[in-house]
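Biologist: I am new to this structure. Please take me through a few of its features, with the general idea before each case.

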Amino acid sequence: MENNREFLLRRLHSLLGIIPIGLFLTQHLIVNHFATQGESAFNDASHFMANLPFVIFLEIFVIYLPLVYHAFYGLYIAFTSKHNVGHYSYLRNRLLVLQRYTGILLVVFIAWHVFETRFQVAVGNAAEADFNMMADILSNPFMLAFYIVGVLSATFHLANGLWSFLVTWGITQSEKSQRYANYFTLLVFVVLSIIGIRALFAFV
């Protein structure tokens, strides 16, 4: 019974990491990338997303609740699970370790990012999370470095988590299919990282 419960919790953790969290991260990076087209383009894109119908419902049930579950159950896995040494290749086991470290870092990074942006708007310290807010945050070299590490951690965590998702859900079972998945998820990491880093420097 306990094994079945843990199996279902891990499957839910895996699923939420890709849908909806992975999709939200991709969308968030793309919206941020509008900053490369200038202040007005970013503010228009950000304003559009902030004024979607049922935006509060979407944020709570599609972003925050799945993210909280994925984060805290991920921390539980990170601090209680043993590494699958021998089950996967040396590289894959190293990536698994990095997956857990980036997950821990992301809990800190996301909490800080939300505090610096959405929380400040909620308590009235800022009118909205716009281009000028991000430019002010990233004008600090230490914060810029922190955000670069945060973005790279997020894109790696998603890409490597996608590889694990494909295996966990029985989509890539053969050695050949897993090798192709390696190439695909590496491409996801590179593309999303470029989008994210370009967006950060557009604010500077």
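Modeller: We can start with Glu116, which is found in helix 5 (residues 90–122); helices are DSSP runs of H or I, at least four residues, numbered from the N terminus. This is a predicted model, so local features need pLDDT of at least 70 and side-chain atom pairs count only at pLDDT 80 or more, while totals for chains, interfaces and linings use all residues. Residues are numbered from 1 along each chain as its sequence is written, and side-chain values use heavy atoms, with hydrogens and water left out.

Biologist: Which side chain of opposite charge is nearest to Glu116?

Modeller: Lys and Arg count as positive, Asp and Glu as negative; His and the chain ends are not counted. A salt bridge needs a side-chain nitrogen of Lys or Arg within 4 Å of a carboxyl oxygen of Asp or Glu. Buried means under 20% relative accessible area, exposed over 50%, partly exposed in between (1.4 Å probe, protein chains only). Glu116 is buried without a salt bridge, and the nearest candidate, Arg118, is 13 Å away.

Biologist: How many aromatic pairs does the structure hold?

Modeller: Rings of Phe, Tyr and Trp (its six-membered ring) pair if their centres lie within 6.5 Å; planes under 30 degrees apart are stacked, over 60 edge-to-face, the rest tilted. The structure holds 14 such pairs. Phe42 and Phe131 are edge-to-face because their centres are 6.3 Å apart and their planes at 65°. Phe42 lies in helix 3 (residues 39–50) and Phe131 in helix 6 (residues 131–138), 89 residues apart.

Biologist: Is Phe42 buried or exposed?

Modeller: Phe42 is buried, at 4% relative accessibility.

Technical notes
Helices (H or I, at least four residues) and strands (E, at least two) are DSSP runs, numbered from the N terminus.
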